[in-house]
Amino acid sequence: MDTMTLHLLVWRQPTATNPGRMVPYTAEHVSPDMSFLEMLDVVNEGLIKKSEPPIVFDNDCREGICGMCSLVINGVPHGPDRGSTVCQLHMRKFKNGDTITIEPWRAKPFPVQKDLVVDRGALDRLIAAGGYVSVSTGGAADASAIPVQRDHAETAMDAAACIGCGACVAACKNASAALFVGAKISQLALLPQGHPERASRVRSMVALMDEIGFGNCSNEAECEAVCPKDVSISNIARMRREYIRALLVG
Ligand code: SF4
Ligand code: FES
């Protein structure tokens with residue numbers, strides 16, 4: 001099988017406070033069957049052999065479910081494969097001789113820590129502001145004990161597919177977290193377990209988005225275009241409706 005030689009331009013930044021810059025590397029003998037992160041592993045093995053510091057990047061499950069991998073590849077969060085995380089992107093999407101730029105998520109609420117790693121703790125703060133059901137509900141009820149309308153159950157499941165990667169923020173020119181928060185608001189507003197805290201949840205999560213410094217949504221839909229789990233921007237519309245409802249009903 002033919003292998004590829006690729007020209008990489010990678011963001012290197014030694015610490016959060018040091019300036020960063022794009023550094024060129026050559027990746028040789030790249031198999032089209034490698035994942036993008038495996039290709040970076042091979043580049044790093046070469047750097048370690050030369051006693052150079054390896055490129056630091058976030059990843060965990062490598063199965064598209066944890067939301068850790070976070071690279072902007074050729075200007076697109078998670079790269080060119082729609083509906084896919086970086087860890088599920090394969091090198092067959094590229095051609096021999098291609099130049100590939102690799103950068104961290106760019107958003108003020110996601111400060112760069114080192115190289116390609118950013119601090120996404122702001123998303124955890126948003127969840128802590130109400131993105132969960134706080135009451136103890138005891139053991140799991142029988143599946144059919146609480147009736148849920150079918151379309152509500154399916155829409156809630158689609159919203160729950162969010163893995164908290166933050167690509168939606170990185171893709172948005174306003175660095176808005178509206179898709180991430182909208183997904184959580186929708187998921188819980190559509191299920192009976194989320195109803196008791198429905199109004200306070202949307203009020204506190206929306207207020208914290210502003211306080212942290214995420215921008216407003218201006219309906220660009222860039223978030224939906226890069227979301228690896230195809231979370232729909234209709235969740236942002238539902239978040240707005242929920243917010244107005246919370247103002248009216250308290
Ligand atoms: S909405 Fe999509 S892009 Fe945004 S954090 Fe969730 S999975 Fe990632
Ligand atoms: S490493 Fe877990 S989603 Fe990519």
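## Helix H5

Helix H5, in this predicted model, is mostly covered, since eleven of its twelve residues are buried. The buried residues of H5 are Ala 178, Leu 179, Phe 180, Val 181, Gly 182, Ala 183, Ile 185, Ser 186, Gln 187, Leu 188 and Ala 189. From its first C-alpha to its last, H5 reaches 15 Å, which is close to the 16 Å expected at 1.5 Å a residue.

## The surroundings of ligand 1

Helix H5 (178–189) also takes part in the shell around ligand 1, to which H5 and helix H4 (167–171) each supply at least two residues. The residues around ligand 1 include Leu 179 and Phe 180, and both of these are among the buried residues of H5. The others around the ligand are Cys 162, Ile 163, Gly 164, Cys 165, Gly 166, Ala 167, Cys 168, Cys 227 and Pro 228.

By character, the residues of this shell divide into nine nonpolar and two polar, with no charged residue. As for its place in the protein, ligand 1 sits in the largest cavity.

## Salt bridges

Side chains of opposite charge can pair when their charged atoms come close. In the whole structure a search finds ten salt bridges, and three of them are described here, beginning with a pair in a single helix. The side chains of Glu 154 and Arg 150 meet in a salt bridge with an N to O distance of 2.9 Å. Both residues belong to helix H3 (residues 150–160), and because they are four residues apart there, about one helical turn separates them. An α-helix has 3.6 residues a turn, so residues three or four places apart point the same way. Glu 154 counts as partly exposed at 41% relative accessibility, whereas Arg 150 is exposed, with a relative accessible area of 63%.

A second salt bridge joins the side chains of Arg 198 and Glu 242, at 2.8 Å from N to O. Arg 198 lies in helix H6 (residues 198–212) and Glu 242 in helix H8 (residues 234–249), so this pair ties together parts that are 44 residues apart in sequence. Arg 198 and Glu 242 are both buried. A third salt bridge, at 3.4 Å from N to O, is formed by the side chains of Asp 33 and Arg 92. This pair links distant parts of the chain, 59 residues apart, with Asp 33 in the loop between strand S2 (21–30) and helix H1 (36–49), and Arg 92 in the loop between strand S4 (76–77) and strand S5 (99–103). Asp 33 is partly exposed, its relative accessible area being 42%.

## Residues with positive phi

Most residues other than glycine have a negative phi. His 29 departs from this pattern, with a positive phi near 55°, and its place is in strand S2. At 61% relative accessibility, His 29 counts as exposed.

Ala 221 likewise has a positive phi, of about 70°, although it is not a glycine. Ala 221 is found in the loop between H6 and helix H7 (222–226), where it is partly exposed, with a relative accessible area of 27%.

## The protein as a whole

The secondary structure of the protein comes to eight helices and seven strands. Taken along the principal axes, the box filled by its C-alpha atoms is roughly 60 × 40 × 35 Å. Of the 250 residues in the protein, 44% are buried.

Conventions. Residues are numbered from 1 along each chain as its sequence is written. Chains are lettered from A and ligands numbered from 1 in the order in which they are written. This is a predicted model: local features need pLDDT of at least 70, side-chain atom pairs count only at pLDDT 80 or more; totals for chains, interfaces and linings use all residues. Side-chain values use heavy atoms; hydrogens and water are left out. A residue is near a molecule or strand if one of its heavy atoms lies within 4 Å of it. On a 1 Å grid over the protein atoms alone, a cavity is a set of points where a 1.4 Å probe fits but cannot get out, and a pocket is an open set with protein on both sides within 12 Å along at least five of seven lines; lining residues have an atom within 4 Å of a point. A molecule sits in a cavity or pocket if more than half of its atoms lie within 2 Å of its grid points. Ala, Val, Leu, Ile, Met, Phe, Trp, Tyr, Cys and Pro count as nonpolar, Asp, Glu, Lys and Arg as charged, and the others, Gly among them, as polar. A salt bridge is a side-chain nitrogen of Lys or Arg within 4 Å of a carboxyl oxygen of Asp or Glu. Buried means under 20% relative accessible area, exposed over 50%, partly exposed in between (1.4 Å probe, protein chains only). The expected span of a helix is 1.5 Å times one less than its number of residues.
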